[in-house]
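Thank you all for making time this morning. I would like to walk through one structure with you, and I will ask you to keep it on the screen while I talk.

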Amino acid sequence: MADLKNKSESRIFLFLFIQLLSLVGSNISHVAIGFWIYNKTHSVTDFSLVLFFSFLPNILSSFLSGPIVDRFHFNKTFGIGDIISAAIMLLTTAVVMINAQTFLYLYATIFAVSAVSALQWVSLNAYLPEVLKDESLARATGWLSTATSMAGLLAAALASLLISTIGLKYIFIFDAATFLISAYVVFYLLPKDKKETATFGEGATFISDFKAGFNYLKSKKDVFTLVMMFIVFNFFAGINTNLMTPMFLERYSVKYAGYLLGFLGFGSIIAGLAQTGITRLAKLRHYIPLLMLFIFIENILIGYFPAPFLTALFMFTLGANITLVGTSTTLVLQENVKSEYRGRVFATARGLCWIAIPLAQIICGIVTDNIFKRFFTELSKNAYLGNTFLIVNYASTLLFLGYLFREKIGNLKTHVLLTTTAPLLPIKNKPGDT
């Protein structure tokens, strides 16, 4: 039995390693498209649409992916998703080869592949607690963060190089190949999950299933509070994501911008590897709000110090903190959700946490190009983007400081209340007391 368990876990971790290749291919495609569009237009609004169509499917998935994951086995949802994504990228390659690479079609490609990826993310996070437990689950979750970070690092570093050498079409072909490799591993090598697929009764719809998952999430007060906090956090994160890349492209060359963005992934890799090997770091889930505050402070430092060396250092620590927040939050959900609700709760939490991002990105693009620019008319584009970036992170830092201060005062009041009322509680005599 032990040998069978070890063999099963080895195949699971092989699959997780294969996901690194798939994530690299997808991230390079998305970064390359963003670089290509911004260099054609130099418009923050046009660039923001790349991010918008990347994040929008995560909102829509909250209505669809949860019930799908709970109704079907993992190999169907994840493997078929890989095949669909490969077909989309091959079709996009054909369009690019006939010189029909309109912005609209590239936006549609990002949206479609991101929609499938959103479903697969929910499926994978619902699958892992079924086949892994305790330290193995913590290591797998840490590795997923590591793989995501590695993909971000490699994509940021390679996208600018590949787009100027091999071009978009070969980037898309590589992306399609990684999806096909992943599908093969899912169907032929990965252990099948043995979960009982959920049944929802007659008249059940995706909307009613979504409501059931949301109501269950609301019943878990601490988890629901964490999700609500992430809505606010991700609104500011969406603005920062939208401003950072254009700010770097204006400050530095495309090559250096890619390298500096790569340090974000490098920091995430180190944090992910640390969480994979040191399971005690899972205790950081008790300090998620404080880690969020540190992220905004690091963004302020990035805005103030444009020197490449300092920017690289701050990007490294920023990437590490983002990974610690993401992994800790995932563990909180995995530990506090029943298996029959796992798909719907993960999908609902993901949709709620990311719902603010595309809205923030669109607002950011419009406001930056049409309003903030008027306040900095005498400054260069680099300067006014930097000033806007600082204003956003000052506001978010003050907001999260206020939240932490309120929580501290609330805990102090609770402690004082318990201390002053304790003597008033009835005291039960022990046997033999008089």
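**A walk through the helices**

Let me begin with a single residue, L90, which counts as partly exposed because its relative accessibility is 44%. I should say at once that this is a predicted model, so please hear every value today as something computed from that model. L90 sits in helix α3, the stretch that covers residues 74–97, and together with I166, Y170 and I173 it makes a nonpolar surface patch of about 350 Å². To qualify for such a patch, a residue needs over 30% relative accessible area, and L90, at 44%, is a member.

Let me now step back to the protein as a whole. The secondary structure comes to 14 helices and zero strands, and if you read the elements from the N terminus on, you meet α after α through to the end. Of the 434 residues of the protein, 50% count as buried.

How do some of these helices lie against each other? I will take α12 as the reference, which spans residues 342–354. Helix α11, residues 308–336, packs with α12 at an angle of about 150°, and the two axes are 10 Å apart. Because angles over 145 degrees count as roughly antiparallel, α11 is roughly antiparallel to α12. The crossing of this pair, α11 and α12, is right-handed.

The second partner of α12 that I would like to show is helix α4, residues 103–131, whose axis lies 9 Å from that of α12, at an angle of about 135°. That angle makes α4 oblique to α12. Here too the handedness can be stated, since α4 passes α12 in a right-handed crossing.

From packing, let me turn to individual positions, and to the residues that they approach in space.

Is Q361 buried or exposed? Q361 counts as buried, because its relative accessibility is 0%, and its place is in helix α13, residues 356–375. If you look for G238 on the screen, you will find that its C-alpha atom is 5.5 Å from that of Q361, although the two residues are 123 apart along the chain.

The next residue is I163, in helix α5, which runs over residues 134–165. I163 counts as partly exposed because its relative accessibility is 21%, and the cut-off to keep in mind is that buried means under 20%. The C-alpha atoms of I163 and I28 are separated by 9.3 Å, with their positions 135 residues apart along the chain.

Y403 belongs to helix α14, residues 381–421, and with 21% relative accessibility Y403 also counts as partly exposed. Its C-alpha atom is 10.0 Å from that of L293, a residue 110 positions away along the chain.

Finally, I come to L49, in helix α2, residues 44–71. L49 is partly exposed, with a relative accessible area of 22%. Which separation does L49 have from I37, 12 residues apart along the chain? Their C-alpha atoms are 9.8 Å apart.

To close, I would ask you to keep two pictures in mind: the patch made by L90, I166, Y170 and I173, and the buried Q361 in its place in helix α13. I am happy to take questions.

Notes
Residues numbered from 1 in each chain as written. Predicted model: local features only at pLDDT ≥ 70, side-chain atom pairs only at ≥ 80, totals over all residues. Heavy atoms only, no water. Patch = residues over 30% accessible without salt bridge, like charges linked within 9 Å, V, L, I, M, F, W, Y side chains within 5 Å. Areas by Shrake-Rupley, 256 points an atom, 1.4 Å probe, with all protein chains shown as cover. Salt bridge = Lys/Arg side-chain N within 4 Å of Asp/Glu carboxyl O. Helix = DSSP H or I, 4+ residues; strand = E, 2+ residues; numbered from the N terminus. Buried < 20%, exposed > 50% of the residue type's maximum accessible area, 1.4 Å probe, protein only. Axes fitted to C-alpha atoms, helices over the stretch in contact; angles between N-to-C directions. Parallel < 35°, antiparallel > 145°, perpendicular 65-115°, else oblique. Left-handed = near helix turned anticlockwise from the far one by under 90°.
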